[in-house]
Amino acid sequence: MTNAIDFQNTHYVHRWSAENQHEYTPPKQSDLATWQDMLTFNNYPDTHTPEAMAAVANRVLGIYQQNGHILKTDARPATPEQPAAYFAAVTFSTPEFVEIVFARLQLVDGTGKSVIYSHRFYGDIQQTSQQAGHWLEQNAAATEAALMTPIHLLEPTHHD
């Protein structure tokens with residue numbers, strides 16, 4: 001596990017880990033009860049085959065479908081250079097916040113991994129829904145491209 005990672009020109013620092021999950025927020029968002037931007041890395045240590053990775057991706061998508069609103073899904077086929085990659089964008093709404101999630105799942109060095117970028121808006125559901133919609137118009141394509149392009153995002157490196 002690393003102490004920090006950069007994503008979309010923003011520096012993120014490690015905030016919390018448990019078992020196979022690691023969470024990062026920008027330095028000024030240290031309170032995990034009120035963060036606005038988060039990167040979450042999940043390891044699936046029992047996932048080693050393309051079929052098992054597809055099953056994990058489908059299970060995660062099912063959870064997203066039950067609890068949120070799916071904005072987009074994509075499955076990129078394996079190439080000689082890299083394994084298949086799975087993508088989902090979803091929104092979750094609660095009385096306290098609206099959260100936009102972009103998730104990428106893929107085998108890395110023969111083990112299942114995911115990286116999730118989340119952005120939250122706190123406050124009244126009507127206001128936060130409008131803010132989220134505007135944010136999506138401005139940022140969805142670039143965020144998806146950033147999440148899906150670099151394989152190294154699934155293996156954060158140590159910053160000194």
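Biologist: Which residue is the bridge partner of Leu39 in strand 8?
Modeller: In this predicted model, the bridge partner of Leu39 in strand 8 is Tyr117; in the same way, Phe41 has Val115 as its bridge partner in strand 8.

Biologist: And how many bridges do strand 4 and strand 8 share?
Modeller: Strand 4 and strand 8, the latter covering residues 111–122, pair over 8 bridges, and the sense of that pairing is antiparallel.

Biologist: What about strand 3, how does that run against strand 4?
Modeller: Strand 3, made of residues 21–25, runs antiparallel to strand 4 and is joined to strand 4 by 4 bridges, with Glu23 standing opposite Thr40 of strand 4.

Biologist: Is strand 4 mostly buried or exposed, then, and why?
Modeller: Strand 4 spans residues 37–44, and 7 of its 8 residues are buried, so the rest of the structure largely encloses this strand. Buried here means under 20% relative accessible area.

Biologist: Stepping back, what is the order of the strands in the sheet?
Modeller: The sheet is an open one of 8 strands, paired antiparallel, and its order reads 1-2-3-4-8-7-6-5. Its edge strands are strand 1 (4–7) and strand 5 (69–76), each of which pairs on one side only. Direction ignored, neighbouring strands of this sheet are turned by 20° against each other on average.

Biologist: Changing topic, which strands does helix 2 lie across?
Modeller: Helix 2, residues 125–148, lies across strand 1, strand 5, strand 6 (85–93), strand 7 (97–108) and strand 8, and it runs at about 20° to strand 7.

Definitions and conventions: Residues numbered from 1 in each chain as written. Predicted model: local features only at pLDDT ≥ 70, side-chain atom pairs only at ≥ 80, totals over all residues. Heavy atoms only, no water. Buried < 20%, exposed > 50% of the residue type's maximum accessible area, 1.4 Å probe, protein only. Helix = DSSP H or I, 4+ residues; strand = E, 2+ residues; numbered from the N terminus. Pairing = 2+ DSSP bridges. Axes fitted to C-alpha atoms, helices over the stretch in contact; angles between N-to-C directions. Contact = heavy atoms within 4.5 Å.
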